[in-house]
Amino acid sequence: MVKEGAGKPRRRPTAIDVAELAGVSQSTVSRTFSNPDQISEGTRNKVIAAAEQLEYQVDTLGSRLRSSKVGVIAVVVIGREGVPEKSINPFHYALLGSICSAASEAGYDTLVSFQKNAFHGHYFERRQADGVIVIGTTDNREGWEHFRKLSASNERIACWGSPFDDMQWVRSDNAGGARMATEHLIESGYRDIVCLGATDSPQRQFLERYEGYCEAMREAGLTPVLHPIDTSLKREEQGRRGVASLLKGERPVDAIFAACDSIALGALEALDGAGKAVPGDMGVVGFDGLYASRYSHPPLTTVEPDLTKAGAALVTRIRALVDGQEAPPPRVPVSLIVRQSTR
């Protein structure tokens with residue numbers, strides 16, 4: 001037997017229902033949830049009690065549309081054509097997590113989009129978000145050109161690792177971290193230290209890291225050497241091929257500072273295949289603090305950016321842009337994590 005009325009959806013309580021139960025006007029209910037400081041404590045408590053009794057849910061979308069702020073930050077992850085999402089640099093996934101966490105702590109929701117070739121980003125104009133954070137591979141030039149144009153007309157865009165200095169960016173202390181890594185190698189007794197990287201890469205951080213490496217080498221009276229990588233290859237393959245050509249050359253090498261962890265992990269694999277002992281025959285240091293670096297063979301010494309502060313800096317940058325405030329581009333602090341790939 002079916003009970004009469006069973007199966008009918010329960011009517012969702014409205015602000016009018018709350019107002020009637022609390023004995024106030026509907027506008028008072030609205031102000032209680034949108035501007036509680038404008039309502040006396042006694043009235044506010046009556047409205048909240050009525051809302052809880054009715055299990056009333058505030059229509060946040062409606063209040064956001066009536067407000068000058070949406071309460072959402074869009075995050076765009078630029079990918080590489082032909083590379084599936086599961087193969088995206090793990091660093092960007094870690095950074096995405098820290099951005100979402102920082103946004104939540106600041107009272108924002110996040111809207112995440114992975115884009116490779118069909119680029120869009122008019123979230124602010126469409127009232128979908130207060131601002132946009134762009135991260136991801138710098139190898140996708142078309143994607144960065146797209147958001148560079150948007151940034152020129154809408155300054156509520158902040159990015160991590162942009163290939164362009166005229167965008168609102170946040171970066172690691174790349175030069176300082178590279179100095180730290182190189183000084184560690186020198187203090188560990190290595191002298192013929194080669195930088196495995198590139199100065200013409202769209203990743204601006206590679207050039208900054210090379211410059212930091214050069215400073216430390218010259219201050220120690222040593223000659224800096226850049227061993228170029230093939231930027232058309234995947235990072236691990238860049239490391240593998242870089243080591244193969246290094247070992248064939250006549251230049252003595254006893255340590256490698258790799259421009260990023262993925263290159264360093266490929267280098268470790270190639271050194272192991274060539275029968276070179278790490279850290280005895282060759283020391284290796286990377287940069288990025290990838291989670292996988294602690295499980296390589298041997299575990300990789302690396303420079304690790306503070307991703308918690310990176311996410312917070314990007315969210316703070318968006319909030320400053322929303323409020324029309326000027327702020328210098330921040331550098332995220334880094335730390336040296338010493339493991340078994342160096343003496």
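This report describes the confidence, the nonpolar cores, a surface patch and some unusual backbone places of a predicted model.

## Confidence in the model

The structure is a predicted model, and the mean pLDDT of the protein is 89, with 92% of its residues reaching 70 or more. Residues 1-5 are another matter, since their pLDDT stays under 50 and the model has 0 contacts for them beyond four places in sequence. Where pLDDT is low, the predicted coordinates should not be read in detail.

## Two nonpolar cores

The largest nonpolar core has 42 residues, and those with the most contacts inside it are Ile193, Tyr213, Ile256, Phe257, Ile263 and Val284. At least two residues of this core come from each of several helices and strands, including helix H7 (174-187), strand S6 (193-197), helix H8 (204-219) and strand S9 (283-287). Helix H10 gives the most to this core, with 7 residues. Apart from this core lies another, of 26 residues, among them Val77, Ile133, Leu290 and Leu314.

Which residues are in contact with Ile193, once its neighbours within four places in sequence are left aside? They are Thr182, Leu185, Ile186, Tyr213, Met217, Val225, Asp254, Ala255 and Phe257, and two of these, Tyr213 and Phe257, are also named with Ile193 among the residues with the most contacts inside the largest core.

## A nonpolar patch on the surface

Tyr93, Val112 and Phe114 make a nonpolar surface patch of about 230 Å². Of these residues, Tyr93 is found in helix H5, which covers residues 90-105, and Tyr93 is partly exposed because its relative accessible area is 34%, a value between the limits of 20% for buried and 50% for exposed.

## Unusual places in the backbone

Most residues other than glycine have a negative phi, and most peptide bonds are trans. Against that background, Glu55 has a positive phi, near 60°; this residue lies in the loop between helix H3 (41-54) and helix H4 (60-66), and Glu55 is exposed, with a relative accessible area of 54%. Arg127 also has a positive phi, of about 60°, although it is not a glycine, and Arg127 is placed in the loop between strand S2 (109-115) and strand S3 (131-136), where it is partly exposed, with a relative accessible area of 30%.

Two peptide bonds leading into prolines are cis. One joins Val278 and Pro279, with omega about 15°, and Pro279 lies in the loop between H10 and S9. The other runs from His297 to Pro298, with omega near -10°, and Pro298 has its place in the loop between S9 and strand S10 (301-305).

Terms used: Residues numbered from 1 in each chain as written. Predicted model: local features only at pLDDT ≥ 70, side-chain atom pairs only at ≥ 80, totals over all residues. Heavy atoms only, no water. Patch = residues over 30% accessible without salt bridge, like charges linked within 9 Å, V, L, I, M, F, W, Y side chains within 5 Å. Areas by Shrake-Rupley, 256 points an atom, 1.4 Å probe, with all protein chains shown as cover. Salt bridge = Lys/Arg side-chain N within 4 Å of Asp/Glu carboxyl O. Helix = DSSP H or I, 4+ residues; strand = E, 2+ residues; numbered from the N terminus. Buried < 20%, exposed > 50% of the residue type's maximum accessible area, 1.4 Å probe, protein only. Core = buried A, V, L, I, M, F, W, Y, C linked by side-chain atoms within 4.5 Å. Contact = heavy atoms within 4.5 Å. pLDDT = per-residue confidence, 0-100.
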